Amino acid sequence: MIPLVSFVGYSNSGKTTLLTKVIRELKNRGYRIAVIKHDCHDFEIDHAGTDTWRHRQAGAEVVCIASAHQVAIVQTLTQPLALDDIIQGINNVDLILTEGFKQEEKPQIEVHRQGREYIGLKKNRIALVADQQIYTGVPYFKLEEVKEVTDFLENRIRLSKV
């Protein structure tokens, strides 16, 4: 089982900024990382006029484009997939990080910026990255402590292999 940690917080809390820095640090340490971004809005990954766009317009429910170095699959859903269903297709990585998925019961690091609302302490909250500590009994990191957050994640990777 690949360890998974979700970075959660309200919009403009700094999740993406922190996550990209942590990903770079983990990559520098030799880890292979998968990231799943939750989008509460609908997104479009394909562009009008491309072959894959034309395949979808013709009615294909699943369209895949593959090259020697990457692959992308676009699937039309009749209902949202659970995070567990999404991660089944991921392999050959040391850690799966997600951005969002606040409602899931996976281990979560809450990211908070002053002036925003806190999500609130939950049983699956494993850390807080914020301007100040507000939860007792939960590891706390400041927003600029990227190496320390990465150390924390690296420890989770090691523990999952025991």
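**Why these labels? Asn 124, helix α4 and the rest**

Q: What does the side chain of Asn 124 reach, and at what distance?
A: The Asn 124 side chain gets to the backbone oxygen of Glu 104 at 3.3 Å. A polar contact is a pair of N or O atoms within 3.5 Å; within protein, one must be able to donate a hydrogen and the other to accept it, and residues adjacent in sequence count only if both atoms are side-chain atoms. At 3.3 Å, the pair therefore falls within the cut-off. This is a predicted model, in which local features need pLDDT of at least 70 and side-chain atom pairs count only at pLDDT 80 or more, while totals for chains, interfaces and linings use all residues. Residues are numbered from 1 along each chain as its sequence is written, and side-chain values use heavy atoms, leaving out hydrogens and water.

Q: Why is Asn 124 called buried or exposed?
A: Buried means under 20% relative accessible area, exposed over 50%, and partly exposed in between (1.4 Å probe, protein chains only). Asn 124 has 9%, so it is buried. This residue sits in the loop between β6 and β7.

Q: Which residues does Asn 124 touch, not counting those up to four places away in sequence?
A: Glu 104, Glu 105, Lys 106, Pro 107 and Gln 108. Contact here means heavy atoms within 4.5 Å.

Q: What makes Asn 12 and Phe 101 stand out in phi, and how do they score for burial?
A: Neither is a glycine, yet phi is positive: about 65° for Asn 12 and near 60° for Phe 101. Asn 12, in the loop between β1 and α1, has 59% relative accessibility, so it counts as exposed. Phe 101, in the loop between β5 and β6, has 10%, so it is buried.

Q: How do you know that the length of α4 agrees with what a helix should span?
A: Helices (H or I, at least four residues) and strands (E, at least two) are DSSP runs, numbered from the N terminus. The expected span is 1.5 Å times one less than the number of residues. With 15 residues (146–160), α4 should span 21 Å; its end C-alpha atoms are 21 Å apart, so the two agree.

Q: Which residues of α4 are buried, and what covers them?
A: Val 146, Val 149, Thr 150, Phe 152, Leu 153, Glu 154 and Ile 157. Their cover includes β1 (4–8), α1 (15–28), β5 (95–99), β6 (108–111), β7 (125–129) and β8 (140–141).

Q: How many helices and strands does the chain have, and in what order?
A: The count is 4 helices and 8 strands, running β-α-β-α-β-β-α-β-β-β-β-α from the N terminus.
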